[in-house]
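Student: I have a fold to read and would like to go feature by feature. Where do we begin?

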Amino acid sequence: MTDRVLIADDEPNIVVSLSFMLKREGYEVLVAPDGTQALAMIRSDRPRLVLLDAAMPGMSGFEVCETVRADPDLAGTRILMLTAKGRDTDIARGMGAGADAYVTKPFSTRELIVRIREMLA
């Protein structure tokens with residue numbers, strides 16, 4: 001069975017790049033352009049991993065992460081915060097919200113793929 005990965009990001013260039021990279025690696029890719037849709041898709045499509053941007057319209061990635069972690073039915077969902085917000089306070093907020101990992105933009109696609117493989121192993 002192919003692992004399902006949700007990309008939740010409002011930047012089209014990031015979405016296209018990540019989607020291409022993940023499909024090439026054999027993952028099933030879902031896309032949500034904002035936090036509200038991301039949460040709905042996490043509930044309906046049950047991805048194994050969510051690449052979650054912190055700053056999105058609707059709900060922020062931090063709010064999505066906190067909501068997912070508060071729901072026992074979604075507790076097994078892996079969350080990798082992927083954002084331009086790289087200050088220590090932002091990283092602490094993401095991890096405090098329940099993210100499993102935090103990667104700042106710009107990122108190395110090679111390193112990101114390694115991190116994703118590790119998270120889904």
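Tutor: Begin with the interior, and keep in mind that this model is predicted. A nonpolar core is a set of buried nonpolar residues joined through side-chain atoms. Here the largest one has 23 residues. L6, I42, L52, V68, I79 and M81 make the most contacts inside it.

Student: Which helices and strands each supply at least two residues of this core?

Tutor: Four strands and two helices do: β1 (4–8), β2 (28–32), β3 (49–52), β4 (78–83), α2 (35–45) and α3 (61–70).

Student: What does M81 touch?

Tutor: Leave out residues up to four places away in sequence. M81 then touches L52, A54, G61, F62, A99, A101, Y102 and V103. There is also a second, separate core of 19 residues, with L22, L51, L80 and V103 among them.

Student: Now the sheet. In what order do the strands run?

Tutor: Two strands pair if at least two bridges are found between them. The 5 strands form an open sheet, ordered β2-β1-β3-β4-β5, with parallel pairing.

Student: Why is one side of β2 and of β5 left without a neighbour?

Tutor: β2 and β5 (101–104) are the edges; each has a single partner strand, so one side of each stays unpaired in the sheet. On average, neighbouring strands are turned by 20° against each other, direction ignored.

Student: How many bridges join β1 to β3?

Tutor: There are 4, and the two strands run parallel. I7 sits opposite L51 of β3.

Student: And where do the helices lie?

Tutor: α2 crosses β1, β2 and β3, at about 145° to β2. α3 packs on the sheet and touches β3, β4 and β5. The direction of α3 makes about 170° with that of β4.

How values were computed
Residues numbered from 1 in each chain as written. Predicted model: local features only at pLDDT ≥ 70, side-chain atom pairs only at ≥ 80, totals over all residues. Heavy atoms only, no water. Core = buried A, V, L, I, M, F, W, Y, C linked by side-chain atoms within 4.5 Å. Buried < 20%, exposed > 50% of the residue type's maximum accessible area, 1.4 Å probe, protein only. Contact = heavy atoms within 4.5 Å. Axes fitted to C-alpha atoms, helices over the stretch in contact; angles between N-to-C directions.
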